[in-house]
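Got your viewer ready? Let's take a walk through this one together, selecting as we go.

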Amino acid sequence: GVKDDGAGATANAGSAITIGTTDKITSVDPAGSYDNGSYAVQIQIFPFLYAQNYNTSELSPDIAADDGTWNSDGTEFTVKLKDGLKFANGNDLTASDVKFSFDRIKKIDDPNGPSSLLANIDSVTAKDDTTVVFKDTVPYDVTLKQVLSSPAGPIVDEDSFDADKLTPADTIVSKKAFAGPYTLTSFKNNESAAYAKNDSYQGLTPAKNSAVQVKYFADASNLKLAVQQGQVDVAYRSLSPTDIEDLSKDSKVKVVKGPGGEERFLAFNFKIQPYGEKSSEPDANKAKAVRQAVANLIDRDELSTKVYKDTYTPLYSFIPDGLAGHDDTLKAAYGDGNGKPSAEKAKQVLEAAGVKTPVDLKLQYNNDHYGSSSADEYAAIKNQLEADGLFKVDLQSTEWTQYNKERNVTDSSDGAYPVYQLGWFPDYSDPDNYLSPFFRDGNFVNNGYANKEVNDLIVKQAGEKDASAREEILKQIQKLETEDLSTIPLLQGAQVAVTGANVKGVTLDASFRFRYASVTKG
Amino acid sequence: MTESQNANLAEIKDLSVSFMTDAGSIKAIDRINFTIPRKTVVGVVGESGSGKSVTARSIIKLLPETATTSGAVYLSKRDGSDSLDVLSLSGEQLREVRGSEAAMVFQEPNSVLNPVYTIGWQIEEGLRAHGMKDKKELRAKAIDILKKVGIPDAETRVDYYPHQFSGGQKQRIVIAMALVLNPGLILADEPTTALDVTVQAEILDLLRLARDEFDASVLIITHNMGVIADIADQVVVMYRGHVVEQGTVDQIFYHPKADYTKRLLGAVPRIGQKLTVHDRDGHVLEREADWREQPVAVEAKGLTITYPGHLMQPDFKAVDGIDFTIHRSEVLGLVGESGSGKSTTGRAIAGLQKVSGGSLNVLGIEMNGVKERDFKPKRADIGFVFQDPGSSFNPLMTIAENVAEPLIVHGKYGSVAEARDYVGDLLEMVQLPRAYMNRFPHELSGGQRQRASLARGLALKPSLLIADEPTSALDVSVQAKVLQLFKKLQVEIGFACLFITHDLAVVDMLADRIMVMHKGRIVEHGDADDIMQRPQNPYTKKLLASLPVPDPREQRIHREHLHELLASEA
Amino acid sequence: MTESTVNKVGVPGDSRLNDLKVNKSGPWWTKAPIIKDLRIAVGWQKGMLVTGLVITLFFIFLAIFAPLIAPYGYSQMKDASGQSFPTQAAPSAEHIWGTTVGGYDVFSRTIWGARTAIIAIVIAVLLSIFAGVLLGLVSGYFGGWVDRVLVVIADAIYSFPSLLLAILMAIMISGGQSGLWSGIFASGISITVVYIPQYFRTIRAEVVRIKSSAYVESAKVVGASTWRIMTKHLLKNSTRTLPVILTLNSSEAILTLAGLGFLGFGIEPTAASEWGYDLNRSVADVTAGIWWTAIFPGLAIVLIVLGITLVGESLNDLADPRLRARKSAGEVVGSIEDTSVDPSEKPGVRNEVVAELDAARNPLAPGETPVTVIDHDPAIPGSEWTGEGKAPASDEGKE
Amino acid sequence: MSDSTATDSTGTKAAKPKRNRLSGGFFRFILTRFLLIIPTVFILVTIVFFVMRATGDPISAALGGRLTPEELSKRIHAAGYDRPLIVQYLDYLGGLLHGDLGTTLTDNQPVITILTRYGAATFELAFLSLIVALIVGIGLGRIAARHRDHAADAGIRVFAILCYATPVFFLGLVLKLIFAVWLNVLPSSGRSDLSSEMQFQRLVSPTGFYIIDSLQLGDMTVLTDVLRHAVLPALALGLLTAGVFIRLVRTNVIATYNSGYVEAARSRGVSESRLLKKHAWRPALIPIITVMGMQIAMMLAGAVLTETTFEWKGLGFMLSTYLKARDFVAVQGIVILIAIIVAVVNFIVDVVAALIDPRVRY
Ligand SMILES: Nc1ncnc2c1ncn2[C@@H]1O[C@H](COP(=O)(O)OP(=O)(O)OP(=O)(O)O)[C@@H](O)[C@H]1O
Ligand SMILES: Nc1ncnc2c1ncn2[C@@H]1O[C@H](COP(=O)(O)OP(=O)(O)OP(=O)(O)O)[C@@H](O)[C@H]1O
Ligand SMILES: [Mg+2]
Ligand SMILES: [Mg+2]
């Protein structure tokens, strides 16, 4: 038998925009996911208090009515909601829904969930139907608004979602608990999803099309064939460089690029890198010289053009292009000053510090998490480092779970990789998200690096209300880091979508979100 | 077409067959000539490998692709209308001849019945192949022929599968399959070798029936001169791919011409014939002591041996409470039909089979519940000669290594090299050249292997020897040699011996006392002569009566006797 | 009746005994497994065996002489003058099979890949034979609970997709690392773990069969110790089917190694060249019309597996008298077979009578090697190779 | 010797043959067969649990690239993955004993749902491939047996080896290149187009078997779409299996073709073609079927690569996905299902073999 109410899905089927992606969904419920694939679904169907408008990284109110206000001591942030907000199922969207949404993420504290993003938020209270107050532990916390637009920020229906456990996708779909630009009309985990325009959405980015269907691929080359054969209108994410190069020669499709928030870098383990604290011959100066020599020898252009076919761009800064505070400090400081490597300078640095060459370097990368091109990337880096006989590189790759365990410096272990590959995808597009996880104490990289000055500056910028003052601090931090080189930024990912010739409006900007709302066909 | 061709059903002319083998091409039969008259049973005898089977198969050209033939096989049609050279036929013509003119009965009924079809279907299959289509008629014919060959309850049993019949019945069915096509010639290749003597007698009766009632000729191949004496009208003697002699049965038995025939007849064991051995100077060898006064080596009281049943099925009692004793230097013969528990008894004495009930005392050790550790020292005193000379040697070890095994295991010698001299002596004792030491088992003939096996069994000069059908795999001529040797060694060494066999004539030649086993029990037990001359137990009587005597005249009387016995039983 | 009269009996006028063909044994190497098989194979069967051998030897040759044959190193990305190789370049004079997405020379990597493949085979096969044989021997001989548990474990492992098991083992063993030796060892050991059950089952089945054979019983009768029976009698005799299984499993080892590489759990490209890895990297190329990066390593896998499997299957057929083909002689030729006295004897085995005659005529000097016969033992069962080398279900539980 | 003893025992049996051969003892056999699943599953689960946990936990696999080590270990602790393995193992077993397969750790799906949804896909693929394998395998295998050691035989055997020697992923690549890229006649991946997928969402009771579902819809375009998607994967997996089947059929038919009963039938004038089709085929079927049963297990294993190559979202595909994510609950669930399937298939095979072989009695 066929369902009667299926009409909606089929009626739009013809005109619907089809999107293919290699994303993976962990959960439709925001409390249960902290990954791009799930977030890509959530931004279409749930509203946020704040979000980026097209082509900007700045935050604007989405369903909030204003930009929010801090109280005098910077501990409370009050947000007003727009009037008359409704969920697709007719339920009112009130401040209590907002409170509910943040509370449950913390309460559920799912292992795969984003609760850690809410670490600074002490409590959320609904003053009245349209007023929400966030209590923050950091005075004037500039990251708070960013967090509200992060994977922890989707607003959900308190009548449809469970307060203390994850709500299955089927329930969400059947209860139509959506207040974002779209409603989800059907959903099959990691296979397909169908979206219809949500007319009751009053936010920043209303849908310009009536329906979108998404097909989930596991293998990029299949996605590539699908967009080439016209089975999907838009292919988004993780197409291989070869695919993109090939597609850009194909007149039937268009390649759309935008800046990406993804960053790739080399990390040094301060304990066991050559001359590191726990090496046989600890010497901070020599260790720094080694790092700087590496920075002098890296040819980012070769990596981005030869290996990644320009799907990644060279990154000479710690804060990527498109965000406040971006500054190509490494370009001037290392290599020939124009982004090209300089063996001469590398040699000088090493000689000055009295480092014997060639330096033996154990270089680690991972090829199942950051894409299979990592192998080529690191083979190229090995070649670059070895070209002038300054280094002797032992290249190894390790499978992801193991890699992730072994790279860390912990109380009990010094980590296993002296120099290694890492990548970063931001939680929200704010410079802080490229500094705190890297250089603050107890950071994500966890490479045994600690610099009090940098740490203090990072704390300082997070509470700096004045934008230009903050940018100054950001630049200062980067300058210090350029000297220290706890990590060496290599590449910045570009967002790439491939669309059919008749598809318009695909917008890939510094929000690092692909919003279906802007896409039109015909 | 000449007169003679018509008088004879088949005529084999200058037939040669050769095979391609891994070792090059070999000739199996070489320009043989003989005839098969109508309505006669022609027996073909000859030692193993002399080309008997190949000859029979050539008659319907049932040879593998690797065979090449020359000469001719003229086969007359049943009605005498025509005669063709089978060897020149092929394809469809050949197919038509097969079965309808000459049909074959093979040795192993188990392997020639297709296990997944009912016997009815298989019988009908031959008819279908020769053009009969009508289903009812096919079935009627099948049932009819089954009745004729003596399958009881043929109407139901026609739908049974082969495994639901006994060995003898299966052979009957195989014969029925041949008979149903009403061929002029039935080629029976050792149709009774796999069967017990009692069943053999029945099958031979059936073949006589084919001659007398179906007017068919029968070519019967056998090693057994008794069978020949029982059934054949004419005899063809083959030796090394040649026909050395053809004649009527009386001619062959009473006036053999060829040396080989004479030797063959001389080697046939007969009941009442005692084996005497001579030393080099021709003196008769005798045991020094009377075995009756010797101590007891093995004593069984209520010995019971059961095989555990699979998955909750009941256990199977292979030996069911038997009593017996073996004295030093005595030869105790153990006879009985297949499956009666002979081997099981022997294996229990050798400690290869757990005793499950009663008591079994072997050289002073109680075997019921014995620990291998306690029995081990006694193993040096026990020899065992296996039935199959081929498989009882490790194929990857040389004869020297194999024979030296017990010596090394029991620490008599440190290595094979040290034992070489002694092993050589042993081989010479069993009349094998010393140089054979370096050969591998498969490089020896069956008889040689059996002798080597004997050498191994005797390597430690055991006081007890168990011989499990040591000659049943051998040709009569070789058997005679091995038996002689055996006797000689027994006389010299004076070991106690359990001699297991199903051949009454063999046991009579050798044994001091005889035990007859039937279904796990001992039905008769006594001095050899008593049992052979004056059997008491009906089963023993039947066994003796079923055994064909290798003497056509005597056998005729003997057969009468058997029929009387069976009639009285029924 | 004395011995001498027995032997003098003959057929009048039969001179065949005199020119009776005694099968002379060739030199020792003619008895080596594959060479022996080559000698007995005929027709298509021989053709297949020879083809398989040629292919296999070709790859072994490549593996050994890779440094001489391959124009570049497996991880070489720059030519002698320091000029980087182009990426994804079509076949040309410098790179006759083109270059990969990473800028490696396809031809060189394909050649070097043979080395990795052969090393992996050797390790995998050696390890699994060792462990499998040992377990099979013990389990088959002692039976009982140990046996039953091992059989259930082997069966359980068997029903888990082998490639996935290999992945898990590879991660566990190497800690996820992928250097040449750690990679090869990880693949080797994981292949081992996956295939131990097969060797185990095969050997165990053999042992169970041989255990009840007369020669093992006769060893028991003479009181040989368990250890002696296992080592002297069971071990050698139960491993006779191994050459066959060995070749067949070698090809599986390659497929597994390639599978691991393809799924990204293989060997790092700067550590060694591995075909599966190269195929993985070429997936995107294929849809972009860059065929050369996929076709050559792919064909290399197919070809080497084909070669080894051809050898294995031919050996299997030749070991099985039922499957072995023989030519027809064409005309009636050959000397008369010495009539054997044992129905179980095979043609080619010398006759006792003739042997004795021979011995009498020219007795063998002590050190002289005896006349041997190339004979194939029919006792070798028609070992059923079932696809992945797994023996058919054992009879446990039946009846 | 053994033959004659067997003769004796069957001889006594023949007097009172059991007509109902699938009776009492047979059910006992079924029972033992099924009880045997328990240790098998238990062992598999144990091995998989420890091996998987030795290679990492699902949380670091998913979030290792995002969270600080402290945050990571906090979550790992909260989820209990830092407890001693044996405790976690017993914990998991406890759940299993209550018949609770759990929910997947990485995407919160009840394992049961995963099994039913993706099981259907795998069954569909296996079924289609089996058809391919049977047609090709039995057809060519019999031809090869009949013409053994002739050109046809050699050709078929090389073909069989090629089927087996070509890794699925390579074959998949080549097939895609030919049919999806050059000829562009067949889709390269997936089980259906997105539009058909959307149609299936309308079904009240979707079976998960797309062929059946599209029949339910009664929409020919959907059916053709589904079939078009199935061609390449079914071919790839089918040929892989066919390679094995050809060999299997060939060997066994040759063996029975050389047997005494075929020889005997030949001696009675039965024609060669009938010998092959009737006399040799049916007895050969018993080992063939037994081994084919084992092959079903191999097929599930082969399906991992095939499903991955063609993105056929079935159990094999999910298994490798979950394996990469270290989602041991999901992996265990699938493993248990596979073990049961293998046991059930083997069991069915035994029953079929028993029905064919009149000698097998229980
Ligand atoms: N298919 C074959 N290939 C090769 N040689 C064969 C073949 N069949 C028979 N022979 C050989 O032909 C010779 C005669 O064999 P045949 O089977 O006729 O002997 P037989 O007299 O029947 O012996 P037995 O009494 O043992 O049955 C033997 O040497 C045998 O090895
Ligand atoms: N290992 C065993 N397991 C179960 N039953 C067995 C076993 N060995 C023998 N039997 C059965 O025990 C009975 C006696 O067997 P045994 O081998 O002792 O007979 P036999 O008298 O030596 O026969 P044959 O003359 O055929 O050698 C037979 O019915 C046989 O089926
Ligand atoms: Mg014969
Ligand atoms: Mg016996």
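Which N or O atom, in which side chain, is 2.8 Å from an oxygen atom of ligand 1? Select B:K52: an N or O atom in its side chain is the one. Before we go on, a quick note: this is a predicted model, where local features need pLDDT of at least 70, side-chain atom pairs count only at pLDDT 80 or more, and totals for chains, interfaces and linings use all residues. Residues are numbered from 1 along each chain as its sequence is written, chains are lettered from A and ligands numbered from 1 in the order in which they are written, and side-chain values use heavy atoms, with hydrogens and water left out.

**Stop 1: ligand 1**

Stay here and show the 17 residues around ligand 1 (each has a heavy atom within 4 Å of it). The nearest are B:S48, B:G49, B:K52, B:S53 and B:V54. The site is shared between chains, because residues from chains B and C surround ligand 1. Now click on B:V54, where a polar backbone atom is 2.8 Å from an oxygen atom of the ligand. B:E190 takes part through its side chain instead, with a polar atom 3.2 Å from an oxygen atom of ligand 1.

**Stop 2: ligand 2**

Next, select ligand 2, which lies between chains B and D. It has 15 residues around it, and B:S338, B:G339, B:K342, B:S343 and B:T344 are the closest. Try the backbone first: B:S340 has an N or O atom 3.2 Å from a ligand oxygen, and a polar backbone atom of B:G341 is 3.0 Å from an oxygen of ligand 2. Then turn on side chains and find B:E469, which has an N or O atom 3.3 Å from an oxygen atom of the ligand.

**Stop 3: salt bridges**

How many salt bridges does a search of the whole structure find over all chains? There are 65, counting each side-chain nitrogen of Lys or Arg within 4 Å of a carboxyl oxygen of Asp or Glu. Select B:R57 and D:E263 to see one of them, with the closest N and O atoms 2.4 Å apart. This pair crosses between chains, from helix α2 (residues 52–59) of chain B to helix α13 (residues 260–267) of chain D; helices here are DSSP runs of H or I with at least four residues, numbered from the N terminus.

Now pick B:R95 and B:E92, whose side chains meet in a salt bridge at 2.6 Å, N to O. They are about one helical turn apart, because they sit three residues from each other in helix α3 (residues 91–100) of chain B.

**Stop 4: where D meets C**

Colour chains C and D differently. In contact here (heavy atoms within 4.5 Å) are 57 residues of chain D and 62 residues of chain C. The two chains bury about 5500 Å² between them, 77% of it on carbon and sulfur atoms; that is the accessible area (1.4 Å probe) lost on putting them together, summed over both. Highlight D:Y164, D:F169 and D:R247: they supply 14% of the area that chain D buries against chain C, more than any other three residues.

Two salt bridges link chains D and C. One joins D:R157 to C:E313, with the closest N and O atoms 3.0 Å apart.

**Last stop: chain A**

Finish by colouring chain A by pLDDT, the predictor's confidence in each residue from 0 to 100. The average is 88, and 97% of the residues score at least 70. Over residues 6–13 of chain A, though, pLDDT stays under 50.

Conventions:
Polar contact = N/O pair within 3.5 Å; in protein donor to acceptor, adjacent residues only side chain to side chain. Helix = DSSP H or I, 4+ residues; strand = E, 2+ residues; numbered from the N terminus.
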